Amino acid sequence: MIGVFKQPCGIGDIFFLQKAANLLLDRGQVHKILWPVNNEYSYIGDYIKTPGIEFLTMDIFFQKYPTLQDFWHSHGRIKKEDTIFFDFQSADQVYINKKIMEAKCEVIGTTHHDWQKYFNYERNDDREQKHLDKLNVEKGDEFIIINKRYGSLPNEVIFNDIKATVNGHGLKIIEVTCNKNTHLFDWGKCFELAKQIYTIDTSFNYLFDKLNLITVPNVWTRRKNDWSEIDYLFKNPFIKMN
């Protein structure tokens with residue numbers, strides 16, 4: 001049985017859903033998962049290498065599996081012959097009384113608890129160090145990271161209420177940018193060395209639970225001081241900012 005996951009973007013969502021993928025494989029409900037992702041996430045399979053999960057871009061998916069295109073506009077969980085289609089992307093429209101991430105869990109009948117155990121990736125130390133070098137961060141430097149960006153490229157949103165509230169004490173300030181040459185995983189070592197972290201709630205929050213931070217991140221919610229969609233998800237503490 002082949003599973004097809006509909007969650008092509010929202011890289012934090014993809015991290016979170018590693019639990020769903022691993023459980024389906026471990027239970028033998030599927031023997032393989034096809035996971036189409038937006039083209040800008042074509043690199044994700046270089047980091048998440050779980051046996052049985054195949055990440056492929058949307059273009060390649062539709063070229064290789066044209067008969068599965070009809071599934072893409074369906075909702076919920078659909079089984080047809082030797083394929084099960086799992087729509088996680090719009091799960092909150094089906095399970096309307098659940099929080100967004102809880103609704104995704106409902107698609108396969110699990111919970112959000114211990115999702116971190118199933119999200120594992122191979123770090124690329126060389127890329128992370130080269131990124132530090134690009135930022136002119138040297139050994140012993142003390143610096144602050146500010147991330148104002150959320151949402152998936154090319155439709156990311158800039159949250160501009162952060163910088164004015166930062167008390168940097170004269171420390172170097174590094175602002176997060178991501179593009180075709182620099183992606184989320186490249187920031188791992190940088191976050192681990194940061195003296196302070198200021199960020200809008202985004203995919204980095206999921207990454208923080210896998211990193212060895214030396215500070216407690218300061219986090220703004222994108223939902224106008226409504227923390228209900230994120231305050232139950234993470235193990236690492238964070239400071240809620242207004």
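1. Strands 4 and 5 make a good place to start in this predicted model. Strand 5 covers residues 83-87, and its pairing with strand 4 is antiparallel, with four bridges between them. Two of the residue pairs can be picked out by eye: lysine 79 has isoleucine 84 in strand 5 as its bridge partner, and arginine 77 has phenylalanine 86, also in strand 5. The hairpin leaves two residues between the strands, and if you check the backbone there you'll find glutamate 81 with a positive phi near 55°.

2. Zooming out, that hairpin belongs to an open sheet of five strands, ordered 3-2-1-5-4, with mixed pairing. Which strands sit at the edges? They are strand 3 (53-57) and strand 4 (77-80), and each of them pairs on one side only. From one strand to the next, the twist averages 20°.

3. Have a look at helix 2 (residues 18-26) against this sheet. Helix 2 lies across strand 1 (2-6), strand 2 (32-37), strand 3 and strand 5. Relative to strand 2, the helix runs at about 155°.

4. The other sheet to look at is also open and has five strands, this time in the order 9-6-10-11-12, and here the pairing is parallel. Strand 9 (172-175) and strand 12 (239-241) each have a single partner strand, so one side of each has no neighbour in the sheet. On average, neighbouring strands here are turned by 20° against each other, direction ignored.

5. Within this parallel sheet, strand 6 (residues 143-147) pairs with strand 9 over four bridges, in the parallel sense. If you want a residue to anchor the view, take isoleucine 145, which stands opposite isoleucine 174 in strand 9.

6. Now the pockets. The largest has a volume of about 780 Å³. Its lining takes in 40 residues, and those nearest the centre are Gly10, Ile11, Gly151, Ser152 and Thr202. Which elements give two or more residues to this lining? Helix 1 (11-16), helix 5 (100-106), strand 7 (149-150) and helix 9 (204-208) do. Sorted by class, the lining comes out as 16 nonpolar, 13 polar and 11 charged residues.

7. The second largest pocket comes in at about 160 Å³. This one takes us back to the hairpin from the first point: Lys80, Glu81, Asp82 and Thr83 are among its lining residues. Tyr65, Thr67, Leu68, Asp70 and Phe71 also belong to that lining. By class, the lining splits into three nonpolar, two polar and four charged residues. Glu81 deserves a second look here, as the lining residue that also takes the positive phi in the hairpin.

8. How many cavities of 30 Å³ or more are there? The count comes to two. The largest has a volume of about 50 Å³, and its lining consists of Asn205, Phe208, Asp209, Leu213, Pro217, Phe234, Asn236, Pro237 and Phe238. In class terms, that is six nonpolar residues, two polar and one charged.

9. The second largest cavity holds about 30 Å³ of space. Phe16, Leu17, Lys19, Ala20, Cys105, Thr110 and Thr111 form its lining, which divides into four nonpolar, two polar and one charged.

10. Last, a residue to click on: leucine 153, in the loop between strand 7 and strand 8 (157-158). Is leucine 153 buried, exposed or partly exposed? Its relative accessibility is 27%, and because that falls between the 20% limit for buried and the 50% limit for exposed, leucine 153 counts as partly exposed. Setting aside neighbours within four places in sequence, leucine 153 is in contact with Glu40, Tyr41, Cys178 and Asn179. For a sense of distance across the model, the C-alpha atoms of leucine 153 and phenylalanine 85 are separated by 25 Å, with the two positions 68 residues apart along the chain numbering.

Technical notes:
Residues numbered from 1 in each chain as written. Predicted model: local features only at pLDDT ≥ 70, side-chain atom pairs only at ≥ 80, totals over all residues. Heavy atoms only, no water. Pairing = 2+ DSSP bridges. Axes fitted to C-alpha atoms, helices over the stretch in contact; angles between N-to-C directions. 1 Å grid on protein atoms, 1.4 Å probe; cavity = no way out; pocket = protein on both sides within 12 Å on 5 of 7 lines; lining within 4 Å. Points joined across faces, edges and corners; volume = space filled by probe spheres on them. Nonpolar A, V, L, I, M, F, W, Y, C, P; charged D, E, K, R; others polar. Contact = heavy atoms within 4.5 Å. Buried < 20%, exposed > 50% of the residue type's maximum accessible area, 1.4 Å probe, protein only.
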